[in-house]
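Here is a report on one model, section by section. Keep the sequence and the 3D view at hand while reading.

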Amino acid sequence: MAPSFDVQRIMENKKIKIIYWMPLILIPVLVALDRCTKIWAETKLASVGDIHLIRGVLKLRYLENSGAAFGILKNNRILFLVFTVAVMALIACFYIKYAAAGTIRPMHAVLVSMILAGAVGNFWDRAVRGTVTDFIYVELIDFPVFNLADVYITGACFAAVLLILKTAHDEKNTV
């Protein structure tokens, strides 16, 4: 008797494996991009001053931030390092658990990768340099200076909220 093949089950397992490992590809790429932009800001932007990309709207401005978002809790390096490791470990544990159970979708993998890459990028700065390099300034609204790692974290959190709201809306309409 010939063995039977359940093609759908095999494809499901392939999807689970791809989603399970996706962050191992995305995170290093995103961290490398963050590091490259910060190294550029440290070596070039710091010496030339502000660069206007869109006058009155967006410029590049070098800043060393010893605090968290908006410069809060300045000079609490150890607190940030410990907190970052704890949050990254918690996110990784939940991701591994749900990916192994097959309940993670590709969008979840991308969002988790963005959050972890942002956390790693800013962790690296704090651990190695003592401060986080920021360089993107939205002059139009006088928004605090930020970096690519911050964009990853904020963008992923915003997208996660939208995903949760959409899921809740879809579930409400199917009941």
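## Salt bridges around D50

D50 and R61 form a salt bridge, with their closest N and O atoms 2.9 Å apart. D50 sits in the loop between α1 and β1 (51-54), while R61 belongs to strand β2 (residues 58-65). The pair therefore ties together parts that are 11 residues apart in sequence. The model behind these values is predicted.

D50 has another partner. Its side chain also meets that of K59 in a salt bridge, at 3.4 Å from N to O. How covered are these residues? D50 is partly exposed, because its relative accessibility is 34%. R61 is also partly exposed, with a relative accessible area of 28%. K59 has 6% relative accessibility, so K59 counts as buried.

## A charged network with buried members

The whole structure holds eight salt bridges. Shared partners link some of them: D34, R35, K38 and D125 form one network.

Within helix α1, K38 bridges to D34, and the closest N and O atoms are 2.9 Å apart. The two residues are four apart in the helix, so about one helical turn separates them. Are these charged residues buried or exposed? K38 is buried, at 0% relative accessibility. D34 is buried too, with a relative accessible area of 0%. Both values fall under the 20% cut-off for buried residues.

## Strands and the hairpin

β1 and β2 run antiparallel and are joined by three bridges. They form a hairpin with three residues between the strands. In this hairpin, G56 takes a positive phi near 80 degrees. H52 stands opposite K59 of β2.

β2 also pairs with β3, again antiparallel, through six bridges. Here K59 stands opposite Y137 of β3. K59 thus has H52 opposite in one pairing and Y137 opposite in the other. How enclosed is strand β3 (residues 132-138)? Six of its seven residues are buried, so the strand is largely enclosed by the rest of the structure.

## Two nonpolar cores

Nonpolar side chains tend to be buried together in soluble globular proteins. In this model, the largest nonpolar core has 16 residues. Which residues have the most contacts inside it? They are Y95 and A117. Four helices each supply at least two residues of this core: α1 (7-48), α2 (77-100), α3 (106-128) and α4 (148-174). With residues up to four places away in sequence left out, A117 touches I27, L30, V31 and Y152.

A second core of six residues is separate from that one. Among its members are A41, L60, F135 and I136. L60 falls within the range of strand β2 (residues 58-65). F135 and I136 fall within the range of strand β3 (residues 132-138).

## W40 beside the second core

W40 is part of helix α1. W40 is partly exposed, because its relative accessibility is 34%. Which residues does W40 contact, beyond its neighbours within four places in sequence? They are L45, I51 and L60. Of these, L60 is a member of the second core.

W40 and F135 lie 95 residues apart in sequence. In space, their C-alpha atoms are 9.9 Å apart. F135 is also a member of the second core.

## T84 in helix α2

T84 is located in helix α2. T84 is buried, with a relative accessible area of 12%. Outside its neighbours within four places in sequence, T84 is in contact with A119 and F123. Both partners fall within the range of α3 (106-128).

## A nonpolar patch at the surface

Not every nonpolar side chain in the model is covered. F158, V161, L162 and L165 make a nonpolar surface patch of about 410 Å². Where does L165 lie? L165 is in helix α4. L165 counts as exposed because its relative accessibility is 53%. That value is over the 50% cut-off for exposed residues. Helix α4 (148-174) also supplies at least two residues of the largest core.

Conventions
Residues numbered from 1 in each chain as written. Predicted model: local features only at pLDDT ≥ 70, side-chain atom pairs only at ≥ 80, totals over all residues. Heavy atoms only, no water. Core = buried A, V, L, I, M, F, W, Y, C linked by side-chain atoms within 4.5 Å. Buried < 20%, exposed > 50% of the residue type's maximum accessible area, 1.4 Å probe, protein only. Contact = heavy atoms within 4.5 Å. Salt bridge = Lys/Arg side-chain N within 4 Å of Asp/Glu carboxyl O. Patch = residues over 30% accessible without salt bridge, like charges linked within 9 Å, V, L, I, M, F, W, Y side chains within 5 Å. Areas by Shrake-Rupley, 256 points an atom, 1.4 Å probe, with all protein chains shown as cover. Pairing = 2+ DSSP bridges.
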